4 protein chains.
Amino acid sequence: MGFELGANRYGKADIHLATVTRRDDRHDFFERLLDVRLEGDFETVYLEGDNASVLPTDTMRASAYALAFDRPDEELERFGLRYSEYLLEASPAATRAEVWISERPWDRVVTDGVPHPHTFTRGAHRWTGHVLRTREDVRVTSGLDELYLLKTTGSAFGGFLRDHYTVLPETEDRIMATKVEARWTYTVADVDFSKERETCRDAIVRAFAHHDESRSVQHTLWHMGKAVLEAAPNVDEVAFSLPNLHHVVADLAHGGIQNDGIVFVVTDKPSGQIEGTVRRSEAAPTA
Amino acid sequence: MGFELGANRYGKADIHLATVTRRDDRHDFFERLLDVRLEGDFETVYLEGDNASVLPTDTMRASAYALAFDRPDEELERFGLRYSEYLLEASPAATRAEVWISERPWDRVVTDGVPHPHTFTRGAHRWTGHVLRTREDVRVTSGLDELYLLKTTGSAFGGFLRDHYTVLPETEDRIMATKVEARWTYTVADVDFSKERETCRDAIVRAFAHHDESRSVQHTLWHMGKAVLEAAPNVDEVAFSLPNLHHVVADLAHGGIQNDGIVFVVTDKPSGQIEGTVRRSEAAPTA
Amino acid sequence: MGFELGANRYGKADIHLATVTRRDDRHDFFERLLDVRLEGDFETVYLEGDNASVLPTDTMRASAYALAFDRPDEELERFGLRYSEYLLEASPAATRAEVWISERPWDRVVTDGVPHPHTFTRGAHRWTGHVLRTREDVRVTSGLDELYLLKTTGSAFGGFLRDHYTVLPETEDRIMATKVEARWTYTVADVDFSKERETCRDAIVRAFAHHDESRSVQHTLWHMGKAVLEAAPNVDEVAFSLPNLHHVVADLAHGGIQNDGIVFVVTDKPSGQIEGTVRRSEAAPTA
Amino acid sequence: MGFELGANRYGKADIHLATVTRRDDRHDFFERLLDVRLEGDFETVYLEGDNASVLPTDTMRASAYALAFDRPDEELERFGLRYSEYLLEASPAATRAEVWISERPWDRVVTDGVPHPHTFTRGAHRWTGHVLRTREDVRVTSGLDELYLLKTTGSAFGGFLRDHYTVLPETEDRIMATKVEARWTYTVADVDFSKERETCRDAIVRAFAHHDESRSVQHTLWHMGKAVLEAAPNVDEVAFSLPNLHHVVADLAHGGIQNDGIVFVVTDKPSGQIEGTVRRSEAAPTA
């Protein structure tokens, strides 16, 4: 009996680049972090140390900067499409290229009501994109992460299963807080990605804010998912990863204080973790 | 010859709390992280293991929650004043109490132009405060950190000292980026701290944006410092800690590309680090 | 057209626990971090806010501590088996339970050559385990991560594919450094997991050290994988995730210095990233 | 009234370098992270944007690599002495240079009992050094950090001050855990720094392990401090920063379990924080 190579891939992590577009009246600024992987027929690289088929990860890095030069103000998804195309062209042995992009938006600074032409401040969440390209096909996902949302009421958690180890009290009114990570896919290949992202983000925030009968993070996830699909006809599926960032009512009884939802212990660990996908269905409309 | 105890202090780090104020038409939400230290006559604690004078750090933690309950919407500086007062009262052996507070502002969510009564999203920088209290005196500092600012032009760096190891080219036009940490002190004890903080933050951002003849981070620091003192008459000194977050023009010459300020390598390490204080002077006005 | 729930799961992240076993002559100490997820028929939780089928994540947390009490010195894999069994029993709606465990080994302190009965210092890498249990089946994986390995010679990288963007010089002698993450699966369910882990770790370190004809990280990965399978007959597959932590020869030419492999710039970002699996094959032995 | 420049300094943070010494029979490997600051007469830099006196932080970076080339196996303290000397020579306006160095030791890999000539694995704590040089004087400090120590018994905490907010129970037997940061100064300028560091580290570990009548972290700190001064005659003062990494006995009463020190909740935040200095005294010997 011998040994063989199973699943494998390689690439570059954390390629950090920025681009500036310089117009007469204003500049734009983009900052992105790239991760890239190639899969394919690379067995001899591993077994024989033969690098003839290896596009060095340093070339992946260098090419990202060169491609960004060509179109410095391109949407992150379009950059991912172009970059993955280059990777498959440059690497004949590869059958599949995968690119993850995250962009921290730098908002234009406004002073005394006037947008400044070339000064920016870093925003509070990140946009993300993912491109998976084979020789036959390509799929694009857009998303966001590090979007912190919190509501001080309109969230309950009760009626749950109880067993020997259950100590959690039921509550009709709690703080619900999460750091939203969302990714959505499109039914068509060519959309205005920036506009779609804004639409989806706004739908998520609005649904989180207005869904005041939340029975659980899962329940809110469903409402946010529906809201995205209702607001964005080009989107056919949205996946969420939602940590439940617990805010526990501080026990002040020893000091004779009945703390009815005024002061909370913010706990970093552990956190609940809710992950779910909402998609369009051929079946009759659901609630 | 023997041994003796030198400088010493003790306390609690990273007390993480949140408060909610519940009005009829809207809630407010505050999230704060506290650090606290006591100094004083604690020699027997160390040398003899006698804890009679030790206020446990767990009591420091518990008391922070109880004090926050009393005034959940208090400004962070006023909380620090009250908390440090409690600490000295509770610890007769202590001669000095020090409290650091950092507050991540959660901005009220606006949907369709309407501020939401109880939903918030986490902001992009942090407010900070520091209270140093002795039995005779107290000093308050306000500040901010994690304020990322970047400008794509209006910044130069040249005319510097050169030696054997200098390879850096001079530049008349570069990206300047920093993560501002600022702390300022007041000439009077009783001010509207929240308003002062907004004023100082706006002055910093405005000065960074409009100072387009920047010859160095130091040069910009001076302009930001003057701007704070001009905008905030109650402030008599402001200290900055400014990393120079380098954005290096990507070398694309090998690809035949002359990259004239379009694509940049964002480097995390190393970074320049500029720290300076600007204060009022009795002398004649400086430029 | 309506909407429907797609893939979903929920659980608790970062349950941090420690156990002590107290024998007459010595104590043992274990520190573990747990992540757990359940999948199953939870549609009504999302669509209707009906929590009747939800085992709260807080119960997952509480039960972990209770189960650890029963067998405080159990191997991490056996704890994962028992914990996943509890989770499926406690949650009738669940069809699948998944548990990730990571354990930072605390090494017994040795003073003057004598192992101390109850004092420990934190080790430099982590052990990991993963249990995936359905109603019919269970799979166990063991592993390690944060094992930093570096060699100052015996590693080359050349003969690679070149394109328009390739600037990397070939090298016959470079520093190779990585942070090993490895996971392996067993052919049998009941092994001495602790011993297997030691065996696999030693095989990885030995192969990394002695493979001095390395042509790439991929090449070394293959040798480490073979070494694991040769040393551990109960293991049938091992997967590696190997960042290439670049150490770049510092360019000191401007100072008239020819730096032939003495001083290196350690770069944190970007890094290469090599991921591959080595498994047993029915085919004839490979080299 | 005008404005003036107060305290200021500048430099480079996180210069990351590695060196290799290549002997016939074995290599040595060192990895270091440097922070450096200059203070002096730099007023015109800030006020006038005149960089004539500014040694660029990029030159500080480049010179660190060049100086490391000259003596790749130098002790970190000696490197700091030489580097700070260069900085003051290169910067006539500077009156003070400060260098912080941290070194993650890479331990030589041992396979089958044999030390490997050129393979290393990253150790679990870090060595540190600090050099403060003026035109007249220089001071050297050595130290360590990230040394995690834990004992499962031999530590108590009781007899403390109680007030309105005190809920902590007294305990005669608890887990004590800390991440030691220590810094010590020498009475003489020229010592075998590496040996001194080993001596001080061993004294700290031994005192932590053998001091089984610990009444508090402060009490243990004192014993560790004395141990350093007793073991290292060239050291005249040692300062510790000791977080109290709380391990709280898990409350399992709801499950009918009396958890007498078997299972613990490891909490990351908040932590106690104890900082103290032990030094030699001219007075009569203390206990």
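**Domains, strand pairing and chain contacts**

Guide: Chain A is divided into domain 1 (8-136) and domain 2 (144-287), with bounds that come from an automatic or database domain assignment. The model is predicted, and local features need pLDDT of at least 70, side-chain atom pairs count only at pLDDT 80 or more, and totals for chains, interfaces and linings use all residues. Residues are numbered from 1 along each chain as its sequence is written, while chains are lettered from A and ligands numbered from 1 in the order in which they are written.

Visitor: What separates the centres of domain 1 of chain A and domain 2 of chain A, and how many residues does the contact take from each?

Guide: Taken over C-alpha atoms, the two centres lie 30 Å apart. The contact takes 8 residues from domain 1 of chain A and 8 residues from domain 2 of chain A, two residues being in contact if their C-beta atoms, placed from the backbone, lie within 7 Å. On the side of domain 1 of chain A that touches domain 2 of chain A, helix H3 (76-90) and S6 of chain A each supply at least two residues, and S6(A) gives the most, with 4 residues. By class, that side of domain 1 of chain A has 1 nonpolar, 3 polar and 4 charged residues, where Ala, Val, Leu, Ile, Met, Phe, Trp, Tyr, Cys and Pro count as nonpolar, Asp, Glu, Lys and Arg as charged, and the others, Gly among them, as polar.

Visitor: How many helices and strands does chain A have, and what makes a run of residues count as one or the other?

Guide: Chain A has 5 helices and 12 strands. They are DSSP runs numbered from the N terminus, with H or I over at least four residues for a helix and E over at least two for a strand. Of the 287 residues in chain A, 48% are buried, a residue being called buried if 20 or more other C-beta atoms, placed from the backbone, lie within 10 Å of its own, exposed if 12 or fewer, and partly exposed in between.

Visitor: Why are strand S3 (residues 94-103) and strand S6 (residues 126-134) of chain A called paired?

Guide: Two strands pair if DSSP finds at least two bridges between them; S3(A) and S6(A), which run antiparallel, are joined by 8 bridges, so the condition is met. Ile101(A) stands opposite Gly129(A) in S6(A). S6(A) is also joined by 8 bridges to strand S7 (residues 138-151) of chain A, again in the antiparallel sense, with Thr141(A) in S7(A) as the bridge partner of His130(A). A hairpin of 3 residues leads from S6(A) to S7(A).

Visitor: How do you know that S1(C) pairs with a strand of chain A, and which residues stand opposite each other?

Guide: Strand S12 (residues 271-281) of chain A and S1(C) pair in the antiparallel sense over 10 bridges, and Ser271(A) stands opposite Ala13(C). The contact between these chains takes 73 residues from chain C and 73 residues from chain A. S1(C) gives the most to the side of chain C that touches chain A, with 15 residues, and the residues of that side divide into 33 nonpolar, 25 polar and 15 charged.

Visitor: What does chain C give to the contact with chain D?

Guide: The contact takes 47 residues from chain C and 47 residues from chain D. The largest share of the side of chain C that touches chain D, 6 residues, comes from S5(C), and the side divides into 27 nonpolar, 16 polar and 4 charged residues. S1(C) is joined by 3 bridges to strand S11 (residues 263-266) of chain D, the two running antiparallel, and Val265(D) is the bridge partner of Leu17(C).

Visitor: What makes the relation of chain C to chain D that of a two-fold axis?

Guide: A turn of 180° and a shift of 0.0 Å along the axis lay chain C on chain D with an RMSD of 0.0 Å, and that is the relation of a two-fold axis. Copies are superposed by least squares on the C-alpha atoms of residues with pLDDT of at least 70 in both. Of the residues of chain C, Ala124(C) comes closest to the rotation axis, at 2.3 Å (C-alpha).

Visitor: Why can one say that the copies meet through the same surface?

Guide: Of the interface residues of chain C, 100% are also interface residues in chain D, so the copies meet through the same surface.
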